[in-house]
Amino acid sequence: MFHHLSVLLTESVAGLNIQPGQTVVDCTAGGGGHTQRLLEQVGEQGLVVAVDQDAYAIAHLQNRFALQIEQGNLVLHHGAFSEVGTPTFPVSSAHGMLADLGVSSPQLDTAARGFSFLREGPLDMRMSPEKGGETAAQILAQASQAELAQIFREFGEEPKAHILARLIVAERDERPFQTTTQLAAFIEQNIRYKTKSRTHPATRAFQALRIAVNRELEVVEQLLDRAVDFLAPSGRLAVITFHSLEDRIVKKKMRAWMGKDDRATGTAREVMRLPLTDSQLQLIQTNIRGQALRPFPTKPTEEECRVNPRARSAKLRIFQKADVS
Ligand SMILES: C[S@@+](CC[C@H](N)C(=O)[O-])C[C@H]1O[C@@H](n2cnc3c(N)ncnc32)[C@H](O)[C@@H]1O
C-alpha cells in the first residue's frame with residue numbers, strides 16, 4: 001500500500017488552470033494524488049503524463065490508474081523528470097507541469113531505502129537504485145574530508161559541517177558508516193549546538209546526503225531550464241519545494257524568466273527606467289518568458305500542517321509562460 005498525503009493539492013492544481021482536453025505533465029507522480037486531480041481536470045479528451053524515477057511508485061501508479069492508462073488518458077514514464085523536452089519523452093509540449101519535489105512518504109518510511117534516521121536501515125538513499133550510482137554509505141566512506149564538509153554545508157546548511165566531516169573521517173576507518181541509526185547516533189553524540197532545536201541533530205546531514213546521492217539540486221535546475229521551453233504558450237508550471245535550497249533555485253529561475261536576471265544588463269527593472277538602446281531592449285524582451293502568478297510562494301494552511309506535518313516546510317510557486325514565444 002502506497003500511503004502519501006499530497007501537499008498543497010488544491011492550490012497547485014487550481015493554480016495550473018488546466019482546461020478539459022489539455023495535456024499536463026506530473027513530473028513527480030509518487031502515490032498519484034496530484035495525478036488523480038490532474039486527470040479530473042483534463043477530462044476524457046485530455047492527457048496526463050506521470051513521471052517518476054522510482055520503480056515502486058511506477059508499479060503503484062500502474063495499478064491505481066490501470067483504467068485511465070487503458071483509456072489513453074494517462075501515460076506513465078519511468079525516468080527522471082529532467083528528461084522532459086528530450087526525444088525519448090512521451091510528449092513534446094504541455095499546457096501544464098507540476099513538480100512536487102523531494103521524497104514520498106513510502107520512500108521515507110521504508111527502512112531498507114535508508115532515507116530516515118528514525119528507522120534502522122542501510123545508508124542507501126538512492127531514489128532509483130536499479131540505475132546504480134553511489135549510496136550514502138559509499139559517499140561517507142570515500143569522499144575526502146573537504147568534499148564531505150562541502151556536502152554538509154551546501155546541501156544541508158549544516159553550521160558544523162567542517163567538524164562533522166572531520167569526525168566522520170576520523171571514525172570511518174575503525175567503524176565504517178553502514179546504517180542510518182548508526183550515523184544518527186554518531187551525530188547526536190558528537191555534535192553540540194549552542195541552541196536547542198526541535199529538529200533532530202542529524203536532520204541536516206541526512207538531507208545533505210540525500211541531495212548528494214540523487215544530485216537533486218542539479219536535476220531541478222535541468223528540469224526548470226527545459227520546462228520553460230517545453231511549456232505551450234500561456235502554459236503554467238507549478239513547483240512545490242520542501243527546503244530553502246530548492247525554493248531559492250525556483251525563485252531565481254522564475255525571476256530570470258521575468259527578465260529580472262541580475263546577470264543580464266543589470267536588473268531589467270533598473271534598465272527599464274532608463275532610455276534603452278535597441279540591443280538592450282531586444283535582450284530584455286528575449287529574456288522575458290512570462291510571469292510568476294504571485295511574488296511570494298503559497299504555503300500550506302495551518303489545518304493542512306496539522307493533518308500532515310510533512311507539509312510544514314512546503315512552498316508553492318507558479319509561473320505562467322507568455323502567450324507568444
Ligand atoms: C513528494 S513525492 C510526490 C508525491 C505526489 N505528488 C503525490 O501526490 O503522491 C516526490 C516523488 O518524486 C519522485 N522524484 C524525485 N526526484 C525525481 C526526479 N529527478 N525524476 C523523477 N522523479 C523524481 C520521487 O521518487 C517521489 O516519488
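Which residues does Thr35 touch, not counting residues up to four places away in sequence? Colleagues, I shall answer that directly, and then turn to the strands, the aromatic pairs and the cysteines. Please bear in mind throughout that this is a predicted model.

Thr35 touches Asp26, Ala29, Val48, Ala50, Phe65 and Leu74. The residue is found in helix α2, which covers residues 33-42. Its relative accessibility is 0%, and because the limit for a buried residue is under 20%, Thr35 counts as buried.

Let me move on to strand β7, residues 315-321. Of its 7 residues, 5 are buried, so the strand is largely enclosed by the rest of the structure. Strand β7 has pairing partners that I should like to describe in turn. With strand β5, residues 231-241, β7 is joined by 6 bridges, and the two run antiparallel. Within that pairing, Ala238 has Ile318 of β7 as its bridge partner. With strand β6, residues 290-292, β7 is joined by 3 bridges, and here too the strands run antiparallel. In this case Gly290 stands opposite Lys321 of β7. As a general remark, side chains in a regular strand alternate between the two faces of the sheet.

I come now to the aromatic residues. The count of aromatic pairs comes to 5. One of them is formed by Phe177 and Phe186: the ring centres lie 5.1 Å apart and the planes meet at 75°, so this pair is edge-to-face. The relevant cut-off is that planes over 60 degrees apart count as edge-to-face. Phe177 is buried, at a relative accessible area of 4%, and Phe186 is buried as well, at 9%.

A further aromatic pair brings us back to β7. Trp257 and Phe319 are also arranged edge-to-face, with 4.9 Å from centre to centre and 65° between the planes. Trp257 belongs to helix α12, residues 244-257, whereas Phe319 belongs to strand β7, so the pair ties together parts that are 62 residues apart in sequence. Both Trp257 and Phe319 are buried.

Finally, the cysteines. How many disulfides does the structure hold? The number is 0. As for the surroundings of individual cysteines, Cys27 has a relative accessibility of 2% and counts as buried. Cys305, at 19%, also counts as buried, since the category extends to values under 20%.

To close, I would return to strand β7: it is joined to β5 by 6 bridges and to β6 by 3, and its residue Phe319 forms an aromatic pair with Trp257. Thank you.

Notes. Residues are numbered from 1 along each chain as its sequence is written. This is a predicted model: local features need pLDDT of at least 70, side-chain atom pairs count only at pLDDT 80 or more; totals for chains, interfaces and linings use all residues. Side-chain values use heavy atoms; hydrogens and water are left out. Buried means under 20% relative accessible area, exposed over 50%, partly exposed in between (1.4 Å probe, protein chains only). Helices (H or I, at least four residues) and strands (E, at least two) are DSSP runs, numbered from the N terminus. Two strands pair if DSSP finds at least two bridges between them. Rings of Phe, Tyr and Trp (its six-membered ring) pair if their centres lie within 6.5 Å; planes under 30 degrees apart count as stacked, over 60 as edge-to-face and the rest as tilted. A disulfide is a pair of cysteine sulfur atoms within 2.5 Å. Contact means heavy atoms within 4.5 Å.
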